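Visitor: I'm new to reading protein models. Could you walk me through this one, a bit at a time?

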Amino acid sequence: MTQKQQSRAKTRSADAIALLTQDHKKVQKLFKEFEKISEEEGDESKQELVNQICAELTIHATIEEEIFYPAARQAIEEEDLLDEAEVEHATAKDLIVQLAEMAAGDELYDAKVTVLGEYIDHHVKEEQNEMFPKVKKSKLDLQALGEQMLERKQELQEEMGLAGEEADKEADEDESEEDETPQRRPARAAARAAKR
Ligand SMILES: [Fe+2]
Ligand SMILES: [Fe+2]
């Protein structure tokens, strides 16, 4: 078994909601880190962190839109809830695209990151307090859905050169696009994905 297969097998047990909740926690932690980054740490590390946030958010939004939301739409009779979630995604993606085209230190850069973070907090609360409990009560097979989502997530991470620690190393060894530095790549990829 390769390392990658092992990690896939290990994470196989996560159900769809556990997987999404884990993502939420991770990205909220990254936003907290952003709040703490002091001026002295410099724009480079700030931008690297924001690139990571945007890539994580883009992957998360994609698996929700492609897999989780359509399944939830069928399983619970809550059109409004799902419609609102999709509109919120669109607004968040808008900020992500703007951030990908900016550099840390640009005017409004920090403000956009902060507003994105507040926005995500609100969206996460709605998912976790309203949508997920309803989905849990439905007949949806969360295990099967989780597996499908995990597979798609890993695919997207690989596409964006962000596939966990060991794959990060692999990505660094890959030939990178010549006009983009490695730390710039995830943000560009996130912006491209977000524009889809
Ligand atoms: Fe979510
Ligand atoms: Fe969402």
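Guide: Sure! Let's start with a pair of helices: H3 and H5 cross in a left-handed way. Keep in mind that this is a predicted model.

Visitor: At roughly what angle do the axes of H3 and H5 cross, and is the pair roughly parallel or antiparallel?

Guide: The axes of H3 (residues 42–75) and H5 come within 13 Å and cross at roughly 25°. Angles under 35 degrees count as roughly parallel. So H3 is, relative to H5, roughly parallel.

Visitor: Which residues make that contact, and how many of them are nonpolar?

Guide: From H3 come Val50, Leu57, Ala72 and Ala75, and from H5 come Val113, Ile120, Met131 and Val135. Sorted by class, the contact of H3 with H5 has no polar and no charged residues. The nonpolar count is 8.

Visitor: What about H4 and H5: roughly parallel or antiparallel?

Guide: H4 covers residues 79–100 and H5 covers 109–137; their axes come within 10 Å and cross at roughly 160°. Angles over 145 degrees count as roughly antiparallel. So H4, set against H5, is roughly antiparallel.

Visitor: How many charged residues are in the contact of H4 with H5?

Guide: On the H4 side you'll find Leu81, Glu88 and Leu95, among others, and the H5 side includes Lys112, Glu126 and Glu130. By class, this contact of H4 with H5 has 11 nonpolar and 3 polar residues. The charged ones number 5.

Visitor: Which helix gives the most residues to the largest nonpolar core?

Guide: That core has 36 residues, and those with the most contacts inside it are Ala16, Cys54, Leu57, Ile96 and Ala190. H2, H3, H4, H5, H6 and H8 each supply at least two of its residues. In soluble globular proteins, nonpolar side chains tend to be buried together. The top contributor, with 10 residues, is H3.

Visitor: Which residues does Ile96 touch, leaving out those up to four places away in sequence?

Guide: Ile96 is one of the core residues with the most contacts inside the core. Leaving out those sequence neighbours, the residues that Ile96 touches are Cys54, Leu57, Thr58, Ala190, Ala191 and Ala194.

Visitor: Zooming out, how many helices does the protein have, and what percentage of its residues count as buried?

Guide: The protein has 8 helices and 0 strands. Among contacts between residues at least 6 apart in sequence, 79% join residues at least 24 apart. Of the 196 residues, the share that counts as buried is 26%.

How values were computed:
Residues numbered from 1 in each chain as written. Chains lettered and ligands numbered in written order. Predicted model: local features only at pLDDT ≥ 70, side-chain atom pairs only at ≥ 80, totals over all residues. Axes fitted to C-alpha atoms, helices over the stretch in contact; angles between N-to-C directions. Helix = DSSP H or I, 4+ residues; strand = E, 2+ residues; numbered from the N terminus. Parallel < 35°, antiparallel > 145°, perpendicular 65-115°, else oblique. Contact = placed C-beta atoms within 7 Å. Nonpolar A, V, L, I, M, F, W, Y, C, P; charged D, E, K, R; others polar. Left-handed = near helix turned anticlockwise from the far one by under 90°. Core = buried A, V, L, I, M, F, W, Y, C linked by C-beta atoms within 7 Å. Buried ≥ 20, exposed ≤ 12 C-beta atoms within 10 Å, placed from the backbone.
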